[in-house]
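Here is a short report on one protein chain. Keep the sequence and the model open while reading.

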Amino acid sequence: MKFRCAGLTPESIVDGPGYRYTVWTQGCKHHCKGCHNPQTWDMNGGFEADTDEVLAQITENEILDGVTISGGDPFYQAKAMADLARKIHAFKGFRLNVIVYTGFTFEELLRDANEENGYMELIRQCDYIIDGPFILEERSLELKFRGSRNQRFIAVKRSLDEGRTVALSDEELSLM
């Protein structure tokens with residue numbers, strides 16, 4: 001499946017726990033003040049990529065712990081990112097977790113999910129979601145895997161099972 005891509009980082013240690021492959025999606029309407037990727041805002045920028053081709057790159061690296069999908073905002077291309085995440089989870093070679101960064105809150109995504117936008121398709125394929133817009137006034141370099149204090153590191157499967165948002169504590173994140 002095709003999607004707009006801002007870039008690919010085959011090896012990262014800063015975009016989530018462990019050794020990760022990062023997919024940078026193109027397109028974001030949040031326009032957060034202080035965003036570290038404003039070049040990803042243009043919905044038509046970047047380049048066209050294919051989820052099968054990206055998956056092939058990911059599965060070549062046997063030491064990866066997971067894949068991070070960031071941007072831009074991946075939920076503007078939820079169906080394509082759900083396709084990629086589904087393929088990552090189905091790959092038989094090794095188990096990778098999937099983390100998605102979004103400027104939407106988890107509650108907004110659940111509330112606004114419908115067949116057309118594919119939000120639930122992507123949510124169900126996420127192991128974790130880091131949610132909420134970056135707020136420059138709440139920026140902290142002490143936060144693990146988040147840029148501002150309002151952002152949460154959400155355990156998606158637990159949240160869906162329990163019917164409430166389950167955000168991991170700093171203590172739980174330090175164990176990852």
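## A buried aspartate

A polar contact of 2.5 Å joins the side chains of Asp131 and Arg152. The model is predicted. Asp131 is found in strand β6, residues 128-131. Its relative accessible area is 0%. That is under 20%, so Asp131 counts as buried.

Asp131 has a second polar partner to note. A polar atom of its side chain lies 2.8 Å from the backbone nitrogen of Phe106. Leaving out residues up to four places away in sequence, Asp131 touches Thr102, Phe104, Thr105, Phe106, Glu107, Gln151, Arg152 and Ile154.

## The sheet

How are the strands ordered in the sheet? The order is β3-β1-β2-β4-β5-β6-β7. The sheet is open, has 7 strands and shows mixed pairing. Strands β3 (47-50) and β7 (152-155) stand at the edges. Each has a single partner strand, so one side of each is left without a neighbour in the sheet. From one strand to the next, the twist averages 30°.

Strands of a sheet pair through backbone hydrogen bonds, either parallel or antiparallel. Here, β1 (residues 2-12) and β3 run antiparallel, joined by 4 bridges. Phe3 stands opposite Ala49 in β3.

## The helix across the strands

Helix α1 covers residues 51-59. It lies across β1, β2 (20-25), β3 and β4 (66-70). Relative to β3, helix α1 runs at about 70°.

Technical notes:
Residues numbered from 1 in each chain as written. Predicted model: local features only at pLDDT ≥ 70, side-chain atom pairs only at ≥ 80, totals over all residues. Heavy atoms only, no water. Pairing = 2+ DSSP bridges. Helix = DSSP H or I, 4+ residues; strand = E, 2+ residues; numbered from the N terminus. Axes fitted to C-alpha atoms, helices over the stretch in contact; angles between N-to-C directions. Contact = heavy atoms within 4.5 Å. Buried < 20%, exposed > 50% of the residue type's maximum accessible area, 1.4 Å probe, protein only. Polar contact = N/O pair within 3.5 Å; in protein donor to acceptor, adjacent residues only side chain to side chain.
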